Amino acid sequence: ADYTLTADRKIHGSTGTYGLNLGASANRLSFASIYSAGPIGLHGLLTLDPFPTITDANYVAPANISTYKLPGITADRTFTPPTGGGNALLFIYDSNTAGFAWKPAGTNFKDVTGTTITAFTNSTFYIFMNDGSNWIQVK
């Protein structure tokens, strides 16, 4: 069965607080510390590694990479996603803090309501799933 991990949600008879910590370093993205405060404990680490080198320029993503760290920029830049098949995942960390924006090329990045994303938010982590034609934000 599928479960949403929320506080005090019963999973196989146990209740407690659940969490997922996300982190990023210079060239790797880690999902760490999936945990339960109840008697069932799960700790793990999944690392998506490495990030491709992206510079202060428009970027076209290759088809075989799904993890990207967008760097600081000196002007607005575009990010062109890889061609995605249905259910492909895309992980993006926009580490830019300047007064400019990384902008998705085209109109196929959508938030959870179906609205087109016109710019990524600085210092934000995103997860997108491809539905066959669009990249849909899931986080």
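Modeller: Helices are DSSP runs of H or I with at least four residues, strands are DSSP runs of E with at least two, and both are numbered from the N terminus. By that rule the protein has zero helices and 11 strands, and read along the sequence it follows the pattern β-β-β-β-β-β-β-β-β-β-β. This is a predicted model, in which local features need pLDDT of at least 70 and side-chain atom pairs count only at pLDDT 80 or more, whereas totals for chains, interfaces and linings use all residues. Residues are numbered from 1 along each chain as its sequence is written, and side-chain values use heavy atoms, with hydrogens and water left out.

Biologist: What makes arginine 77 a buried residue?

Modeller: Buried means under 20% relative accessible area, exposed means over 50%, and partly exposed lies in between, with a 1.4 Å probe and protein chains only. Arginine 77 has a relative accessible area of 19%, so the residue counts as buried. Of the 139 residues of the protein, 32% count as buried.

Biologist: How do you know that arginine 77 and aspartate 56 form a salt bridge?

Modeller: A salt bridge is a side-chain nitrogen of Lys or Arg within 4 Å of a carboxyl oxygen of Asp or Glu. The side chains of arginine 77 and aspartate 56 meet at 2.8 Å, N to O, so the pair satisfies that limit. Arginine 77 lies in strand S6 (residues 77-80) and aspartate 56 in the loop between strand S3 (45-48) and strand S4 (59-60), so the salt bridge ties together parts that are 21 residues apart in sequence. Aspartate 56, at a relative accessible area of 29%, is partly exposed.

Biologist: How many salt bridges does a search of the whole structure find, and what makes lysine 103 and aspartate 76 such a pair?

Modeller: The search finds two salt bridges. In the pair of lysine 103 and aspartate 76, the closest N and O atoms are 3.2 Å apart, so the distance again falls within the limit. This pair links distant parts of the chain, with lysine 103 in strand S8 (residues 102-104) and aspartate 76 in the loop between strand S5 (67-70) and S6, 27 residues apart. Lysine 103 counts as partly exposed at 31% relative accessibility, and aspartate 76 does so at 38%.

Biologist: Which residues are in contact with arginine 77, leaving aside its neighbours within four places in sequence?

Modeller: Contact means heavy atoms within 4.5 Å, and under that rule arginine 77 touches Asp56, Ala57, Asn58, Ala101, Trp102 and Lys103. In the protein as a whole, residues 24 or more positions apart account for 43% of the contacts with a separation of 6 or more.

Biologist: Why are S5 and strand S9 (109-110) said to stand at the edges of the sheet?

Modeller: Two strands pair if DSSP finds at least two bridges between them. Five strands form an open sheet in the order S5-S7-S10-S11-S9, with mixed pairing. S5 and S9 each have a single partner strand, so one side of each is left without a neighbour in the sheet.

Biologist: What makes the pairing mixed?

Modeller: Strands of a sheet pair through backbone hydrogen bonds, either parallel or antiparallel. Here four bridges join S5 to S7, which run parallel, and leucine 70 has aspartate 94 in S7 as its bridge partner. S7 and strand S10 (residues 124-130), in contrast, pair in the antiparallel sense over six bridges, and the partner of aspartate 94 in S10 is threonine 124. S9 and strand S11 (residues 135-137) pair in the parallel sense over two bridges, where lysine 110 is matched with isoleucine 136 in S11.

Biologist: Why can Leu89 belong to a nonpolar surface patch?

Modeller: Patches are made of residues with over 30% relative accessible area and no salt bridge, like charges being joined within 9 Å and nonpolar side chains (Val, Leu, Ile, Met, Phe, Trp, Tyr) within 5 Å. Leucine 89 has a relative accessible area of 38%, so this residue passes the accessibility limit for patches. Leu89, Met129 and Val138 make a patch of about 240 Å², and leucine 89 itself lies in strand S7 (residues 89-94).

Biologist: What is noted about the phi of serine 123?

Modeller: Serine 123 has a positive phi of about 60° although it is not a glycine. Serine 123 lies in the loop between S9 and S10 and, at a relative accessible area of 42%, is partly exposed.

Notes
Areas by Shrake-Rupley, 256 points an atom, 1.4 Å probe, with all protein chains shown as cover.
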